[in-house]
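Q: Please take a close look at the salt bridges of this model. Please also set them in the context of the surrounding strands, loops and cores.

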Amino acid sequence: METPLLILNCNTLVASVAFLPDGTQILSGSFDNSVQVWNALTGKQVQEFQGHTLPVTSVAFSPDGTKIVSGSGDNYVQVWDILTGTQVQKFQGHNNWVTCVTFSPDGSQVVSGSGDKSIQVWDVSTNEQVQKLQGHTDWVTSVAFSPSGTQIVSGSDDNSVQVWDVLAGKQVHVLKGHTESITSVAFSPDGTQIVSGSHDKSVQVWDVLTGTQMQKLQGHTDWVTSVAFSPNGTQIVSGSGDKSVQVWDALTGKPVQGYQGHSESVTSVAFSPNGTQIVSGSHDNSIQVWEVLTSKQVQQEFQGHTNWVTSVAFSPNGSQIASGSDDNSVQVWDVLTGTQVQKFQGHSDSIRSVAFSPNGTQIVSGSDDKSVQVWNVLTGKQVQEFQGHSGSIKSVAFSPDGTQIISGSHDNSVRVWNVLIGTEVQEFQGHTNWVTSVAFSTTGSQIVSGSGDKSLQVWDLVTGKQVKKFQGHIGLITSVAFSPDGTQVVSGSYDNSVRVWNVLTGRQVHELQGHADSIRSVAFSPDGTKIVSGSSDNSVRVWDALTGKQMLELQGHTHSVTSIAFSPNGTQIVSGSCDKSIRVWDVLITNQVQEFQDHTNSIRSFAFSLDEALNSTEYNNLWHSTLDGWILSSSNYNPLMWVPHNILTILSHPLNTLIISPHGSFCLDLSNSKLGTKWIGCYTPQSSSKSKFLVMHKMNKTLKYSSEMIL
């Protein structure tokens with residue numbers, strides 16, 4: 001379950017919501033007959049328009065953000081000036097409730113639909129009706145302009161979706177496929193597709209040119225009340241009487257994200273202009289804002305194994321993936337091309353675990369044949385084989401310096417092997433059941449092991465003694481991993497839970513619940529801020545390591561997810577599955593991690609120190625960063641600087657330095673920049689005995705880098 005970023009309490013039923021074109025404000029229409037405007041960052045009401053005498057059923061901003069249009073049960077369409085708060089137009093022509101309104105793309109016209117079964121087009125400047133479209137045999141429930149403004153789509157209680165030529169006033173298509181009333185319609189950003197929602201609980205996607213149905217999205221358990229395309233057209237959002245908001249992949253029709261939080265029917269949904277947020281209105285009298293946690297599978301499935309894929313691992317530079325399978329083979333894949341570059345065969349039974357050496361030149365594999373084998377990645381030849389376990393090898397790992405390998409086995413033991421001389425150097429006994437998973441700490445001084453005895457044990461590699469034992473799982477432990485700083489351990493279990501433990505105290509920090517079946521694999525992200533888990537429920541989930549909240553759910557596998565891993569830079573996840581496939585996911589998670597407030601005037605500059613030390617007391621409460629790219633003054637929310645969305649999350653990295661000019665709003669010129677995450681070593685810091693800061697100079701009213709910079 002996702003947690004909303006913002007909840008606006010309206011004290012009345014909310015019928016319609018919309019984002020201001022710049023994403024800074026939210027518009028709502030309510031059953032108390034009012035139109036209200038809210039600050040999207042703070043959730044505070046900033047404006048209210050009174051004039052309708054019955055519930056406001058539909059609202060929309062003009063494209064330039066200067067006007068609002070509202071439709072009401074009082075049969076009127078009203079246009080409001082945002083700056084002055086006054087009514088500037090009132091369209092009268094419908095003889096029943098006005099159910100839906102919106103502006104044309106150029107803002108010169110308004111279209112309205114009504115219970116009188118008609119669609120009417122109005123000229124905003126002259127107050128005249130320019131078209132009246134008739135063809136529906138029941139209430140018109142939803143209308144929308146095409147991006148070009150030449151067509152209108154309408155939905156009706158007559159179960160049909162109709163497409164109209166605005167200039168000619170003629171019907172172009174009648175789209176039939178829904179079996180109950182249409183509640184909502186919208187064009188895709190490129191105007192080639194239409195999405196519709198219905199009381200039949202389905203969302204349907206149509207081809208505008210041919211009028212044929214392209215997709216039928218099913219998953220809601222009650223009426224679909226509202227639908228919308230994302231600004232880039234890749235996703236569709238739907239709201240439902242089942243109280244949920246669902247995001248769908250527009251290409252495949254598969255659900256990619258679900259939001260639960262409303263206690264009554266969701267009545268209206270909309271994407272923010274940059275696609276990073278969704279706003280939803282509900283009969284529970286609230287407006288909720290959700291963060292869109294985006295993920296996409298960026299490669300085709302890597303197909304080559306003939307049986308279940310049991311283990312996957314990224315190479316240290318992120319360019320290759322190793323996989324082990326029940327087909328007894330270890331395969332190496334090129335991440336960029338998706339092609340197989342090596343296939344190692346030598347085990348006589350299923351592969352249970354694979355791992356790269358720290359320098360990426362070797363791969364270790366553990367098998368049900370009770371052997372541990374080491375392979376040369378370049379030549380494909382076996383360079384070592386370790387024998388000693390009396391049971392299946394369930395897990396293997398290289399030490400951080402690459403000189404040792406650990407293995408966990410069905411014989412209940414953990415063994416340490418010297419890679420250079422090929423001998424066993426240590427054995428840890430303490431578990432009373434299978435050892436299912438092992439991992440080194442980042443310093444290489446400790447080992448953690450998970451077992452079928454439901455315990456985790458931490459071992460000191462120097463003394464050979466057990467230093468901690470964690471108990472709390474009620475099922476077999478399947479996977480364990482250290483956090484990058486070595487202070488925490490994460491574990492997954494057959495009890496369907498992921499748990500986080502403090503290594504020093506031995507106490508449980510978090511229990512992550514959400515999977516509907518056994519956890520098969522867990523891992524920390526390279527920066528330690530996230531945890532990923534794979535499960536027998538076929539899903540991959542990403543969690544916030546600090547709060548324990550679920551951030552993302554990745555769906556695509558058709559069988560149990562057996563192994564997962566983060567790429568070295570944390571931007572990708574690889575998953576292996578019993579469906580015999582390997583999938584790579586591109587993960588973008590844009591969370592606001594801190595909100596700084598304290599200044600009483602516009603902020604002139606801010607910066608991060610090069611030592612990465614962000615002291616929460618020293619730098620607390622400085623500025624507001626919005627998800628659409630604006631850096632705002634904390635006192636009056638005046639825009640200071642805009643950052644392009646495609647690099648917004650990169651600029652938010654703690655290593656990066658930002659300077660805001662005191663001369664007003666500026667756009668960063670990134671034409672000569674290179675994308676990455678670290679600036680260290682790219683600049684000589686400005687000399688200072690007190691602090692080290694990087695400086696960007698103001699040139700020609702644009703913030704530019706003083707030389708080529710790696711972001």
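A: **Salt bridges and their setting**

The count of salt bridges comes to 9. The model is a predicted one, and the description below starts from the charged pairs and then moves to the strands and cores.

Arg352 is a suitable starting point. Its side chain meets that of Asp326 in a salt bridge, with an N to O distance of 3.1 Å. This pair links distant parts of the chain: Arg352 belongs to strand 34 (residues 351-356), whereas Asp326 sits in the loop between strand 31 (320-325) and strand 32 (329-334), and the two are 26 residues apart. The side chain of Arg352 also meets that of Asp368 in a salt bridge, here at 2.9 Å from N to O. Because Arg352 lies in strand 34 and Asp368 in the loop between strand 35 (362-367) and strand 36 (371-376), this pair ties together parts that are 16 residues apart in sequence.

The accessibilities of these three residues can be read against the cut-offs, since buried means under 20% relative accessible area and partly exposed lies between that value and 50%. Arg352, at 24%, therefore counts as partly exposed. Asp326 has a relative accessible area of 15% and is therefore buried. Asp368 is at 17% and likewise counts as buried.

The loops that carry the two aspartates also hold residues with positive phi. In the loop between strand 31 and strand 32 lies Asn328, a residue other than glycine whose phi is near 75 degrees. With 24% relative accessibility, Asn328 counts as partly exposed. In the loop between strand 35 and strand 36 lies Lys370, which is not a glycine and yet has a positive phi of about 75 degrees. Lys370 is partly exposed, its relative accessible area being 38%.

A further salt bridge joins the side chains of Arg541 and Asp537, at 3.7 Å from N to O. Arg541 is buried, at a relative accessible area of 9%, and Asp537 is buried too, at 18%. Elsewhere, Asp411, Arg415, Glu424 and Glu427 are linked in a network of salt bridges.

Arg541 falls within the residue range of strand 52 (540-544), an element that gives two or more residues to the largest nonpolar core, as do strand 53 (550-554), strand 54 (561-566) and strand 56 (582-588). This core has 13 residues, of which Val532, Val540, Leu552, Leu554, Ile564 and Ile573 touch the most other members. Leaving aside residues up to four places away in sequence, Val540 touches Val532, Ser533, Leu552, Glu553, Leu554, Val561, Ile564, Ile573 and Ser575. Another core lies apart from this one; it has 12 residues, among them Leu27, Phe49, Val56 and Ile82.

Strand pairing can be followed in an open sheet of 4 strands, whose order is 18-19-20-21 and whose pairing is antiparallel. Strand 18 (182-187) and strand 21 (213-218) stand at the edges with a single partner strand each, so one side of each is left without a neighbour in the sheet. From one strand to the next, the twist averages 20 degrees. Within the sheet, strand 19 (residues 193-198) and strand 20 (residues 202-207) run antiparallel and are joined by 5 bridges. Gln193 stands opposite Asp207 in strand 20.

Another antiparallel pair consists of strand 12 (residues 118-123) and strand 13 (residues 129-134), which 5 bridges join. Here Trp122 stands opposite Gln129 in strand 13. The hairpin of these two strands has 5 residues between the strands, and in it Asn127 takes a positive phi near 70 degrees.

Finally, the confidence of the prediction bears on how this picture is read. The chain averages a pLDDT of 81, and 80% of the residues score at least 70. Over residues 589-628, however, pLDDT stays under 50, and the model has 107 contacts beyond four places in sequence for this stretch. Residues 673-711 also have a pLDDT below 50, with 89 contacts in the model beyond near neighbours in sequence. Where pLDDT is low, the predicted coordinates should not be read in detail.

Note on methods
Residues numbered from 1 in each chain as written. Heavy atoms only, no water. Core = buried A, V, L, I, M, F, W, Y, C linked by side-chain atoms within 4.5 Å. Buried < 20%, exposed > 50% of the residue type's maximum accessible area, 1.4 Å probe, protein only. Contact = heavy atoms within 4.5 Å. Pairing = 2+ DSSP bridges. Axes fitted to C-alpha atoms, helices over the stretch in contact; angles between N-to-C directions. Salt bridge = Lys/Arg side-chain N within 4 Å of Asp/Glu carboxyl O. pLDDT = per-residue confidence, 0-100.
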